[in-house]
Amino acid sequence: MLNTDELAEIIGEHLDPNCVNALTQQLVSVPSHTAEGEEQAAAVLEKFLQSAGISTTRQQVEDVGVNVIATLPSATGNVGLLLNGHLDTVPPSSAMPFPPFAATIEDGKMWGRGTADMKGGIAAMACALAAVRAADIPLVRPLVLAAVASEERGNLGTAALTRSGIRAEWAVIGEATDLNLVTSHKGVDRYRVIVEGRAAHESMPDLGINAITQAASIITGLHETLWPEAKRHSHPVLGHPTYNIGTIEGGTSRNMIPDRCVFQMSKRWLPGDSPEAIRAEIEAAVRSAEPEAKVSVVREPEFDRIPHPPLDIAADHPLVRTLATVTTQLTGRTPRLDSWGAFTDGALLQEAGIPTVIFGPGDVSLAHTDDEHIELSQLMAAAEVYALFAAVVCSSEEMELGQGG
Ligand SMILES: [Zn+2]
């Protein structure tokens, strides 16, 4: 068995410096904000992996796309490390400073849709697998890369991956963290509140029940009960949970008493809370605001199908410590432990019992913007970290792996 310094040396000899830039460019040049495009990006990645001598399989994701799963096998053992990234992007915009799919390189940066979110991360992971394979490091646990479909459209790819029963000791999601470690984010849950009144001519309001007026008083009530209640809870890193009312729709004509008003609300929730408790507190608050109203609280169906729990892994978890140590060794810089506002696939893996952190190249504040780009130096550094971390986790007999979700 090789020690970390020896592993770093042979990986350094086998990690091709052009690999990550070239593969990122190839992936960016295939638009993948549509299902067809995603499948073409999947094919580009498969071709790269296969040419590096790595076997891949495809997993169908409902009727929206495919996950590409690449495995470096070992004779025995559970999967040691699962590297996970998404192949889809948000759509381009006409205001981008460089053509969105040209992957233009200028002054050490690559520009275009998907460079930071997150084709750069996927390319770094794939090149890391290629380096571990080329270095012929004897693995005692398999190393797996899952490039998933449709993360931007409801986390469908990773949900399919966990439903298929994938197991791994640890996982890393390659979203853009500027090479820091994101160990926590809030969960999300969404509800629709449907208020039903009775229609009447506006000249005879006593014959009707105004659903908009009732919804208004329910919303006032929610602000007086749920909002302050949320402020009474807090997490050392994530702060308070928050509620939001995002849409409202009601009435059919300006001269009628409206018989229906619907608003959509969400909660960004903390570890320790649950969808059942959230639904119960919304229902109780709605009832106490308007006891006589005919109201139903309906969870948005996609959240019933794929719950969105928080991510929360301890700062001293061996996964966090080992990845931070490898990052410091290779970059000379101690990574920050961060929390995020945004939801990630990491929470779905953690829910499936796989301890997970988010670590990848690029600046998340550029994701989904016109200025999306990535520093080439971060692409290479990420590939080095992924390769060495994977080699350590999957080749060492003595790792203290697993340790809860
Ligand atoms: Zn992303």
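How many bridges pair strand S3 with S7, and in which sense, parallel or antiparallel? I looked that up before anything else: S3 (residues 81-86) and S7 pair in the parallel sense over 4 bridges. Two strands pair here if DSSP finds at least two bridges between them. Helices (H or I, at least four residues) and strands (E, at least two) are DSSP runs, numbered from the N terminus.

Ground rules, for my own memory. I am looking at a predicted model, where local features need pLDDT of at least 70 and side-chain atom pairs count only at pLDDT 80 or more, while totals for chains, interfaces and linings use all residues. Residues are numbered from 1 along each chain as its sequence is written, and side-chain values use heavy atoms, with hydrogens and water left out.

**Entry: S7 and its partners**

I checked who faces whom. Leu83 stands opposite Val172 in S7. S7 also pairs with strand S17 (residues 356-358), again in the parallel sense, over 3 bridges. There, Ile173 has Ile358 as its bridge partner.

Next I looked at the side chains. In a regular strand they alternate between the two faces of the sheet. In S7, Trp170 and Val172 point one way, Ala171 and Ile173 the other, and all are buried. Buried means under 20% relative accessible area, exposed over 50%, and partly exposed in between (1.4 Å probe, protein chains only).

**Entry: the zinc ion**

I went to the metal next. The zinc ion is coordinated by His86 through NE2, Asp117 through OD, and Glu175 through two OE entries, at 1.9 to 2.5 Å. Donors are N, O and S atoms within 2.8 Å of the metal (3.2 Å for Na, K and Ca); water is not among the atoms, so sites may look incomplete. Along the chain the donors follow the spacing H-x30-D-x57-E. Asp117 is in helix H4 (residues 115-134) and Glu175 in the loop between S7 (170-173) and strand S8 (181-185), so this pair, 58 residues apart, links distant parts of the chain.

What geometry does the site have? Irregular, I noted, with angles of 55 to 149 degrees among the 4 donor atoms. Four donors count as tetrahedral if all angles lie between 85 and 135 degrees; four count as square planar and six as octahedral if opposite donors are over 155 degrees apart and all others between 65 and 115; anything else is irregular. I also checked exposure: Asp117 counts as buried because its relative accessibility is 7%, and Glu175 is buried too, at 8%.

**Entry: Arg113**

I found Arg113 in the loop between strand S5 (109-111) and H4. Is Arg113 buried or exposed? Its relative accessible area is 2%, so Arg113 is buried. A polar atom of its side chain lies 2.9 Å from the backbone oxygen of Pro91. Not counting residues up to four places away in sequence, Arg113 touches residues including Val28, Pro91, Met96, Phe101, His368 and Glu372. Contact means heavy atoms within 4.5 Å.

**Entry: S1, S2 and S6**

S2 (residues 65-72) is mostly covered, with 7 of its 8 residues buried. I counted 7 bridges joining strand S1 (residues 55-61) to S2, and these strands run antiparallel. Gln59 has Asn67 as its bridge partner in S2. S1 and S2 form a hairpin with 3 residues between them, and Glu62 in the turn has a positive phi of about 45 degrees. S2 is joined to strand S6 (residues 143-148) by 5 bridges, also antiparallel. Ile69 stands opposite Ala146 in S6.

**Entry: the four-stranded sheet**

I then traced an open sheet of 4 strands, in the order S11-S13-S9-S14, with antiparallel pairing. Its edge strands are S11 (242-250) and S14 (294-299), each pairing on one side only. Neighbouring strands here are turned by 20 degrees against each other on average, direction ignored. S11 and S13 (residues 260-269) pair over 8 bridges, and Glu249 has Val262 in S13 as its bridge partner.

Helix H6 (residues 211-231) lies across S9 (187-196), S11, S13 and S14, running at about 10 degrees to S13. Helix H7 (residues 275-289) packs on the sheet, touching S9, S11, S13 and S14, and its direction makes about 165 degrees with that of S14. Axes are lines fitted to C-alpha atoms, for helices over the stretch in contact, and angles run from 0 to 180 degrees between N-to-C directions.

Last stop: Ser234, in the loop between H6 and S11. Ser234 is exposed, because its relative accessible area is 54%.

Terms used. A polar contact is a pair of N or O atoms within 3.5 Å; within protein, one must be able to donate a hydrogen and the other to accept it, and residues adjacent in sequence count only if both atoms are side-chain atoms.
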